[in-house]
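Welcome! Please take a look at the model below, and then we can walk through a few of its contacts together.

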Amino acid sequence: YQEQLSLYEERHLRYISALGKGNFGSVELCRYDPLGDNTGELIAVKKLQPNKQSSMADFQREIQTTSSLHCDYIVKYLGICYSMGRLNVSLVMEYLPNGSLISYLEKNRENVSCRRLLLFASQICKGMEYLQSMRYVHRDLAARNILVASESLVKIADFGLTKIIPFDKDYYRVTKPGDSPIFWYAPESITESKFSHKSDVWSFGIVLHELFSYCEHNQNPKKLYLQKVGKDMQIASISMHLVSVLKDKWRLPAPQHCPQRVHSMMLKCWAFCPEERPSFTNLAEMIDTCIQDDRE
Ligand SMILES: CC(C)(Nc1nc(-c2c[nH]c3ncc(Cl)cc23)ncc1F)C(=O)NCC(F)(F)F
């Protein structure tokens, strides 16, 4: 059904600051202030940044995707804002003041317990379970694309690379792999540009590693992989070398102080063969069991 697109009038938008650059655009913090008295709500406004990779069609698809998602663990779509007549359109989303998971964990490391990390992992898992139920593959699941709503709630965001699995297949093949975050990619995504719910599960395993490393920059996946495969190569051979070490069963080491049962969950997500990886439903159960055990 066509989502009721709530319209934000550009003349009531007050620019406050730049939040960052996403896959296809830049996102700004604005206040929507129709009364003009600074009592309006803070919102995140994503504008299309036309470049070689992105196009209006991609952005329209991102708007369509984001507006179709209704889940507590996914950043809320609020509406759209036309500017320049109706030439330009912006995507309006809720603004989460605690920012991305990376900055939050770096800042609040000492008072985020293992149980809290497991709660965040469980919420991301449930958000991905919902996404799967809508036949979407995220394709860019990473801590940088998780937002912190509160000290006990995180949400998945940035659906710029999200694709719908065709009805007659269980994977999506990408034609033009842009600047791919290969260190979050499953092997089949690197070698065959194939993306599925199971490749999202691989990326979820990387997110688990980021969570239990508290997104520490010198423990980040890219750094750890580059140490293993060496840095003195052009990108093409790095990805082939990465796939070969993965084929030889090498995996990211457990982060410091990471419970064994969490590392074993990561290893399950990193099964070379997609079919052997757990589903997000299985993972949510495993994580909730870990949370229960932690209570005993
Ligand atoms: C490109 C952008 C802007 N980057 C950032 N957003 C926010 C940020 C902070 N609060 C936010 N509330 C809503 C939104 Cl869409 C973004 C933010 N904070 C820091 C960022 F680098 C973003 O979209 N990142 C993906 C996300 F973090 F959202 F998953």
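Which residues are linked with Lys 46 in a network of salt bridges? They are Glu 62 and Asp 158. A salt bridge here is a side-chain nitrogen of Lys or Arg within 4 Å of a carboxyl oxygen of Asp or Glu.

This is a predicted model, where local features need pLDDT of at least 70 and side-chain atom pairs pLDDT 80 or more, while totals for chains, interfaces and linings use all residues. Residues are numbered from 1 along each chain as its sequence is written, and side-chain values use heavy atoms, leaving out hydrogens and water. The protein has a mean pLDDT (the predictor's confidence in each residue, from 0 to 100) of 91, with 93% of its residues at 70 or more.

The structure holds 10 salt bridges, among them these:

| Pair | N to O distance |
|---|---|
| Lys 46 and Glu 62 | 2.9 Å |
| Lys 126 and Asp 288 | 3.2 Å |
| Asp 140 and Arg 144 | 2.9 Å |

Lys 46 and Glu 62 are both buried, meaning under 20% relative accessible area, with exposed over 50% and partly exposed in between (1.4 Å probe, protein chains only). Asp 140 is buried too, at 4%, whereas its partner Arg 144 is partly exposed at 34%. Lys 126, at 28%, is partly exposed, and Asp 288 counts as partly exposed at 25%.
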